[in-house]
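Trainee: Could you take me slowly through a single part of this model, beginning with one residue and working outwards to what surrounds it? I would like a connected account rather than a list.

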Amino acid sequence: MEKIAIVGAAQTKYESRKADQTFYDMVFDVTTAALEDAGLTLADIDNIITVSNDFLDGRTISSMAVGEAAGAHDKNISTVEGDGTFGAFYGAMRVLGGFRSTLVVAHSKGSEGNPQFISNAMFDPIYHRPLGLDTTSAAALQANAYLTRYGITEEQCAQVAVKNHGNARHNPLAHQPLEISVEEVLRSPKVADPLKLLDCSPVSDGAAALIIGNEEIARKAKTKPAWVKGVAHCAEEYFLGDRDLANPKALRDAAKRAYQMAGIRDPRREIDVAEVYDAFSYMEPLWLEGLGLCDPGQGGQLTESGLTAMNGALPVNPSGGVLSAHALLVAGLARLIEASLQIRGEAGAHQIPGVKTALAHGTHGPCGQSHCIWILGES
Amino acid sequence: MSAPELLTMTSPDVGMPYEWSIGIYGSKFFQEIRAHQRFVGIRCPQCGKVRVPPRRVCGTCFRELDELVPLPPTGTIIAFTIVNYPFIDPATGLERPVPYTYGYIQLDGADNIFSHIINETDETRIKVGMRVRAVFKPAAEMQGNIQDIRHFEIIEVKHGE
């Protein structure tokens, strides 16, 4: 594969309500900031990918409304309605297809609509929607299936929330940096058994942008490039009942192909840091199992053992993860940006020393219907 | 420029009405509930798996399906969640009382998993592995939708645990 790299990136601060900004404003801000970060101008950008969702924006073909704020005037622009990691995947394909560069920008303002209504509307209107299924109750079912299968405890899930909210205290962009205890997580209000309030990510407003370039653009950019070593995605069935919720099959497939592409044989040893899509606390261990970073059923012990802590052998979500900031669609792109910053050595107070290989994970669809895995390297 | 007062705009309260086709097999599924108080699934000629509700395609094999299989109104709880936040039923506009229990139920004779409400909200009285039975509305009240199944009820409580 021709060499491509992430050469610039930017994120807004994640907040519950950005009253002073339209989504158009956020897109403009992160587009400008990503160009500035890369030391490039719009003339260096050959094409644009926007990432948005019509229901979240309350507008049909809402992507049409942000093109100019994304710098797309006179440029080739296209849209992905999915997680930002999938938008970036499309962007990478376009660079591999002959463009020098792609700017990928994702936005969402969960504060403007009704996230429960919008996530209920994701499900089948004949069989599932009338029963009230939404992102949270679907996740609760998955958590119940996963915890029951392997005897993983609610305490082990709570440890993930404590770790990631704690990590977020070192990330000035995080929405919910918190110093909390396992007991506080366990005592927080029951949302949908076994999920408590502090097992669930907040709904955030935010936007993020990154620039993917070929070698020419990587040389021109002022940043240290985060080279794309491997990338793959995979999806499974739409109906939850057609899947084994405790076994993330699509994630295993995507990870296997991304590792193969990156030449990774022993991911546990070769990956220095991982940013994964922990929309709910149980998801971090479940996704780590799917990523082959531990055996099935062993994910629950990783936080307790300290392996995934900031100073552990495999730090996971040093940024605070999705538990600490969850702008829908943006959150996967944020994982990829965080991974690129770790490679650059520019993750600030949550930088892990000596990162050579970083993994970023995004997911889309309820209970991880589809997954996109990125492996970034410093050379 | 001094910071202006920040205004917002509220969307007009109009719905976005749809009339979704339920399809041939979906229609059969609801008609079978009304006529016989039982379910119907569909078997894949290639992998042999029975899926419910019935649909035209086996996603795994990408084979067109046509062999409908009657299924009893009984099954086993595979996973469940007791939900503690309100839900506005889009069909009635009414708020469902909380808590309610959403169940992931393997119907006897099916290979995939069906989902519906289980009428047990006491966490000490519900467990994965319990047997459940569908409780239907009286046939005269059925409307050909998923609410023709009122809920599932637990039929066997394992004692001595």
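Mentor: A:L210 is found in strand β7 of chain A, and, since the model is a predicted one, everything that follows describes computed geometry. With 29 C-beta neighbours inside 10 Å, and 20 being enough to qualify, A:L210 counts as buried. Leaving aside neighbours within four places in sequence, A:L210 is in contact with A:I6, A:G8, A:A9, A:A34, A:A88, A:V104, A:L333, A:L336, A:I337 and A:S340. One of these partners, A:L336, is 126 residues away from A:L210 in sequence, yet the two C-alpha atoms are 8.8 Å apart in space.

A:L210 also belongs to the largest nonpolar core, which has 166 residues, and it is listed with A:L333 and A:L376 as having the most contacts inside that core. The largest share of the core, nine residues, comes from helix α13 of chain A, residues 330–344. As for A:L376, its contacts beyond four places in sequence include A:I6, A:A226, A:W227, A:V228, A:A339, A:S340, A:I343 and A:A360, and A:I6 and A:S340 are likewise among the contacts of A:L210.

The strand that carries A:L210 is part of an open sheet of nine strands in chain A, with mixed pairing and the order β3-β2-β4-β7-β1-β8-β11-β10-β9. At its edges stand β3 (76–80) and β9 (273–275) of chain A, each having a single partner strand, so one side of each is left without a neighbour in the sheet. Averaged over the sheet and with direction ignored, neighbouring strands are turned by 25° against each other.

On one side of β7(A) in that order comes β4(A), and nine bridges join these two strands, which run antiparallel; within this pairing, A:V105 stands opposite A:A209 in β7(A). β4(A) is itself mostly covered, nine of its nine residues being buried. A:S101, A:L103, A:V105, A:H107 and A:K109 point one way from β4(A), while A:T102, A:V104, A:A106 and A:S108 point the other way, and all of them are buried. A:V104, from the second of these groups, is also one of the contacts of A:L210. β4(A) is joined to β2(A) as well, by five bridges and in a parallel arrangement, and the bridge partner of A:V51 in β4(A) is A:A106.

Towards the β9(A) edge, three bridges join β9(A) to strand β10 of chain A, residues 357–364, and the two run parallel; here A:E275 stands opposite A:A360 in β10(A).

Two helices complete this picture of the sheet. Helix α3 of chain A, residues 84–96, packs on the sheet and touches β1, β2, β3, β4, β7, β8, β10 and β11 of chain A, its direction making about 165° with that of β4(A). α13(A), the helix that gives the core its largest share, lies across β1, β2, β4, β7, β8, β9, β10 and β11 of chain A, running at about 175° to β10(A). Both helices therefore include the strand of A:L210 among those they meet, with β7 of chain A named for α3(A) and again for α13(A), while A:L210 itself is one of the residues with the most contacts inside the core.

Terms used:
Residues numbered from 1 in each chain as written. Chains lettered and ligands numbered in written order. Predicted model: local features only at pLDDT ≥ 70, side-chain atom pairs only at ≥ 80, totals over all residues. Core = buried A, V, L, I, M, F, W, Y, C linked by C-beta atoms within 7 Å. Buried ≥ 20, exposed ≤ 12 C-beta atoms within 10 Å, placed from the backbone. Helix = DSSP H or I, 4+ residues; strand = E, 2+ residues; numbered from the N terminus. Contact = placed C-beta atoms within 7 Å. Pairing = 2+ DSSP bridges. Axes fitted to C-alpha atoms, helices over the stretch in contact; angles between N-to-C directions.
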